[in-house]
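Please walk through the fold shown here, taking the helices before the sheet. Where do the exposed and buried residues lie, and what do the buried ones face?

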Amino acid sequence: MRTVRILEEASQEAIEAAAWYEHEQPGLGAEFFAAIDAAIDVIEENFIPLSPLPEKAGDTGAKRLILERFPYDLVLIELPAETVVIAIAHHSRKPGYWLERAKP
């Protein structure tokens with residue numbers, strides 16, 4: 001089992017997105033958090049390979065896992081001892097906005 005750590009910035013992105021979903025439809029924020037939890041379980045268990053990112057973002061070594069049902073990616077860096085979630089990025093947000101977080 002891999003250790004997964006979530007950066008504070010990524011955690012804040014998830015909280016803000018969940019609050020928006022909850023405002024739009026009661027209960028949907030909890031479903032968003034459940035989707036993130038399920039994705040983290042997949043990462044911890046190495047169930048599926050993570051997808052590389054295209055273009056400049058891919059040069060960082062970051063990879064992504066696309067959430068089911070929600071238009072978000074978990075953007076990750078795989079280190080020897082752990083996997084770090086550096087962003088929980090909406091698909092329509094500026095690509096690579098999280099690039100500074102990918103630096104060790």
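E8, E16, W20 and H23 are exposed on one side of helix α1. On the other side lie the buried residues of this helix: A10, E13, A14, A17, A18 and Y21. They cover an arc of only 130° around the axis, which places them on the same side of α1. The elements that cover these buried residues include β1, α2, β4 and β5. The model is a predicted one, and the values quoted here are computed from it.

The length of α1 can be checked with simple arithmetic. With 1.5 Å for each residue, its 17 residues should span 24 Å, and because the C-alpha atoms at its ends are 24 Å apart, expectation and model agree.

The second helix, α2, comprises residues 28–45. The axes of the two helices, α1 and α2, come within 6 Å of each other and cross at roughly 145°. On the α1 side of this contact are A14, I15, A17, A18, Y21 and E22; on the α2 side are L28, G29, A30, F32, F33 and I36. Sorted by class, the contact has ten nonpolar residues, one polar residue and one charged residue. A14, A17, A18 and Y21 of α1 thus appear both in this contact and among the buried residues of the helix.

Next comes the sheet. Five strands make up an open sheet of mixed pairing, in the order β1-β5-β4-β3-β2. The edges are taken by β1 (4–6) and β2 (51–52); each has a single partner strand, so one side of each has no neighbour in the sheet. Helix α1, residues 8–24, packs on this sheet and touches β1, β4 (72–78) and β5 (83–90), with its direction at about 35° to that of β5. Helix α2 lies across β1, β3, β4 and β5, and runs at about 30° to β4.

Strands of a sheet pair through backbone hydrogen bonds, in either the parallel or the antiparallel sense. Edge strand β2 pairs with β3 (residues 63–66) in the antiparallel sense, over two bridges. One of these joins P52 to K63, and S51 has R64 as its bridge partner. On to the next strand, β3 and β4 are also antiparallel, with four bridges between them; L65 and L74 are bridge partners here.

K63 gives a local view of this part of the sheet. This residue belongs to strand β3. Its relative accessibility is 28%, so K63 counts as partly exposed. Beyond its neighbours within four places in sequence, K63 is in contact with L50, S51, P52, L53, L74, V75, L76 and E78. For E78, the C-alpha to C-alpha distance from K63 is 8.0 Å, at a separation of 15 residues in sequence.

What joins β3 to β4? The two strands form a hairpin, with five residues between them. R69 is found in this loop, and it has a positive phi of about 75° although it is not a glycine. Most residues other than glycine have a negative phi. R69 has a relative accessible area of 60%, and therefore counts as exposed.

Conventions:
Residues numbered from 1 in each chain as written. Predicted model: local features only at pLDDT ≥ 70, side-chain atom pairs only at ≥ 80, totals over all residues. Heavy atoms only, no water. Pairing = 2+ DSSP bridges. Contact = heavy atoms within 4.5 Å. Axes fitted to C-alpha atoms, helices over the stretch in contact; angles between N-to-C directions. Nonpolar A, V, L, I, M, F, W, Y, C, P; charged D, E, K, R; others polar. Expected span 1.5 Å × (residues − 1). Buried < 20%, exposed > 50% of the residue type's maximum accessible area, 1.4 Å probe, protein only. Arc of directions from axis to C-beta.
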